[in-house]
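Me: I am new to this structure and would like a close look at the aromatic rings and what surrounds them. Could you walk me through it slowly?

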Amino acid sequence: MDSCCVAVKAKAPLAKASRGGLSDGDNEFWGERIRGSLNNSGWVSQLAKGLKTEKRPRKIKPGVAFSVITSNNGTETLTIQAPRLERRRADPKNVASIILGGGAGTQLFPLTIKQATPAVPVGGCYRLIDIPMSNCINSNINKIFILTQFNSASLNRHLARTYFGNGVNFGDGFVEVLAATQTPGEAGMKWFQGTADAVRKFIWVFEDAKNKNIENILILAGDHLYRMDYMDFVQNHIDRNADITVACVPVGESRASDYGLMKINKRGRIIQFAEKPKGAGLKAMEVDTTLLGLSPQDALKSPYIASMGVYVFRTDVLLNLLRWRYPTSNDFGSEIIPAAVMEHNVEAYLFRDYWDDIGTIKTFYEANMALTEEFPKFEFYDPKTPIFTSPRFLPPTKIEKSRVVDAIISHGCFLRECSVEHSIVGERSRLDYGVELKDTLMMGADYYQTESEIASLLAEGNIPIGIGRNTKIRNCIIDKNAKIGKDIVIMNKDGVQEADRPDKGFYIRSGITIILEKATIKDGTVI
């Protein structure tokens with residue numbers, strides 16, 4: 001009786017039988033015993049073909065495979081040198097990132113009346129743009145573009161103060177602001193029409209000679225709160241030979257309609273993508289998220305896979321999609337990605353750490369308040385991956401006979417016999433005697449007023465920057481340089497959800513009172 005024996009060196013790469021290896025009906029080369037005559041050399045040549053010429057990408061280590069084939073007619077030995085397959089390492093020098101500077105900022109209004117969304121202060125002394133910028137720096141990505149359009153003055157000022165010549169070394173890289181501009185021609189007279197259109201209008205930048213070696217391009221949002229090693233993301237993209245990779249997280253039904261949702265197969269390839277679906281469309285995107293490694297209990301709570309709005313494209317694929325394939329599509333999430341899923345290898349990258357989209361006043365407020373918890377899910381300080389911001393050279397905060405519980409107090413503040421609980425107090429803030437601050441985000445001030453200036457203003461019946469005596473504030477966002485007098489109560493006791501009172505210096509959004517930038521709230525006011 002004929003037999004076949006295969007000897008393999010430890011960890012040697014072997015082709016699957018179903019992909020050109022040795023097979024006989026249901027019996028295959030991988031782990032199956034084979035019976036039949038070996039006089040026919042077809043199986044031998046098939047084995048050689050399967051081991052030698054298979055070129056499908058695999059995560060394997062180089063080695064040597066050989067087979068010893070025996071039969072009743074004699075012994076034949078076939079030795080085949082397996083091809084060396086090295087894992088291609090992602091190189092940050094071949095990666096560029098594009099940070100989208102935000103649209104009109106309507107979701108964060110009124111905080112965006114005079115500034116772009118990425119320039120909104122967060123966590124006491126940072127700005128939202130510092131998150132993707134720091135992630136790039138910590139990932140050794142030193143070619144960074146920021147696309148800006150709406151209310152970009154404060155954003156440009158912060159970028160210049162923080163990332164140009166303040167100890168952050170970009171080596172042969174750069175940080176370049178690409179501001180929306182008009183160009184000759186009918187199409188050139190329009191401003192950015194969406195995220196994809198913004199990148200398309202500067203597509204010539206990536207065809208410039210100095211950027212010819214850019215193989216992959218990261219597309220990042222400027223209004224998210226998270227810490228990510230982008231090179232792990234890019235390495236995953238390269239390992240899977242993807243054209244596009246979309247970072248994703250599991251989410252619950254309450255917020256699912258705020259995001260682009262996707263369905264993936266068992267290998268992680270995206271097979272369907274829908275941008276912010278509602279009603280029946282939302283229900284249709286529900287999936288079993290145990291596929292992502294969630295427990296059955298967590299999968300029930302988070303039955304959707306949401307896009308983070310963080311993408312990596314192969315440069316040639318991105319240029320082709322924007323310039324030739326979809327030259328009139330303006331948005332990545334609603335147009336480019338759903339269409340590309342049908343034509344390209346679009347993979348999902350599961351992000352397993354904390355991430356929040358600062359897309360509304362409510363989520364912005366809740367994300368800030370979460371920072372004050374004893375064990376917050378996100379912390380700005382990490383010795384290995386710090387979050388950078390503008391150096392302000394402010395003195396330490398001075399606290400006199402005050403009660404501070406679960407709070408963040410920024411640099412250069414003055415707290416006099418006051419109470420601060422579950423709140424964030426921004427830089428250069430002044431809280432006078434008897435002030436009670438609870439569940440409040442106070443963004444601080446851009447400059448100091450001296451003691452003599454404050455005394456002079458009070459003597460004249462005016463209100464200095466900061467919070468005056470015996471004022472009680474709850475559930476509030478206080479924008480920069482606000483002047484809040486004494487004996488004021490801001491608590492929204494009636495539970496009003498939405499209100500516009502710009503003439504009185506405040507708005508209410510989702511039940512949260514927002515004191516406008518540079519607003520003056522007169523003594524004795526009750527909100």
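Reply: Here is a tour that begins with the aromatic pairs and then moves on to other places in the chain.

Please keep in mind that this is a predicted model. For orientation, the chain has 527 residues, of which 49% count as buried. Its secondary structure consists of twelve helices and 34 strands. Among contacts between residues at least 6 apart in sequence, 63% join residues at least 24 apart.

Now to the rings. A pair of aromatic rings is described by the distance of the centres and the angle of the planes. There are 14 aromatic pairs in the structure. Take phenylalanine 145 and phenylalanine 174: their ring centres are 5.0 Å apart and their planes stand at 65°, so this pair is edge-to-face. Where do phenylalanine 145 and phenylalanine 174 sit? Phenylalanine 145 belongs to strand E9 (residues 143-148) and phenylalanine 174 to strand E10 (residues 174-179), so the pair ties together parts that are 29 residues apart in sequence. Both phenylalanine 145 and phenylalanine 174 are buried.

Another pair to look at is tyrosine 311 with phenylalanine 332. The centres of these rings lie 6.0 Å apart with the planes at 50°, so the pair counts as tilted. This pair, too, links distant parts of the chain: tyrosine 311 is in strand E16 (residues 304-314), phenylalanine 332 is in helix H10 (residues 332-341), and 21 residues separate them. Are these two residues buried or exposed? Tyrosine 311 has a relative accessible area of 7%, so it is buried. Phenylalanine 332 has a relative accessible area of 1%, so it is buried as well.

Rings can also gather in a group. Tyr126, Tyr354, Phe378 and Phe380 form one aromatic cluster.

One ring has a charged partner. Arginine 428 lies over the face of tyrosine 448, at 6.0 Å from the ring centre. Arginine 428 also leads us to an internal space, since Arg428 is one of the residues that line the second largest cavity. Six cavities of 30 Å³ or more turn up in a search of the whole structure, and the second largest holds about 50 Å³ of space. Besides Arg428, its lining includes Ser429, Arg430, Met442, Gly444 and Ala445. Further along the chain, Ile465, Gly466, Ile478, Asp479, Asn481 and Ala482 line this cavity too. By type, the lining divides into five nonpolar, four polar and three charged residues.

Alanine 482 can take us from the cavity to isoleucine 463. The C-alpha atoms of isoleucine 463 and alanine 482 are separated by 9.7 Å, with their places 19 residues apart along the chain. Isoleucine 463 is in the loop between helix H12 (451-459) and E27. With a relative accessible area of 13%, isoleucine 463 is buried. Which residues touch isoleucine 463, leaving aside its neighbours within four places in sequence? They are Lys483, Ile484, Gly485, Thr520, Ile521, Lys522 and Asp523.

Next, some points about the backbone. Most residues other than glycine have a negative phi, and most peptide bonds are trans. Asparagine 470 has a positive phi, near 60°. This asparagine lies in the loop between strand E27 (466-467) and strand E28 (472-478), and at 40% relative accessibility it counts as partly exposed. Aspartate 487 also has a positive phi, about 55°, although it is not a glycine. Aspartate 487 is in the loop between strand E29 (483-484) and strand E30 (489-490). Its relative accessible area is 43%, so aspartate 487 is partly exposed. As for peptide bonds, phenylalanine 109 and proline 110 are joined by a cis bond, with omega about 10°. Proline 110 lies in the loop between strand E6 (95-100) and strand E7 (121-122).

Finally, have a look at helix H11. Seven of the ten residues of H11 are buried, so this helix is largely enclosed by the rest of the structure. The buried residues are Ile361, Thr363, Phe364, Tyr365, Ala367, Asn368 and Met369. Glutamate 366 is also found in H11 (residues 361-370), but at 42% relative accessibility glutamate 366 counts as partly exposed. Between glutamate 366 and aspartate 356, ten residues apart in sequence, the C-alpha to C-alpha distance is 10.0 Å.

Key: Residues numbered from 1 in each chain as written. Predicted model: local features only at pLDDT ≥ 70, side-chain atom pairs only at ≥ 80, totals over all residues. Heavy atoms only, no water. Phe/Tyr/Trp six-rings, centres within 6.5 Å; stacked < 30°, edge-to-face > 60°. Helix = DSSP H or I, 4+ residues; strand = E, 2+ residues; numbered from the N terminus. Buried < 20%, exposed > 50% of the residue type's maximum accessible area, 1.4 Å probe, protein only. Lys NZ or Arg CZ within 6 Å of the ring centre and 35° of its normal. 1 Å grid on protein atoms, 1.4 Å probe; cavity = no way out; pocket = protein on both sides within 12 Å on 5 of 7 lines; lining within 4 Å. Points joined across faces, edges and corners; volume = space filled by probe spheres on them. Nonpolar A, V, L, I, M, F, W, Y, C, P; charged D, E, K, R; others polar. Contact = heavy atoms within 4.5 Å.
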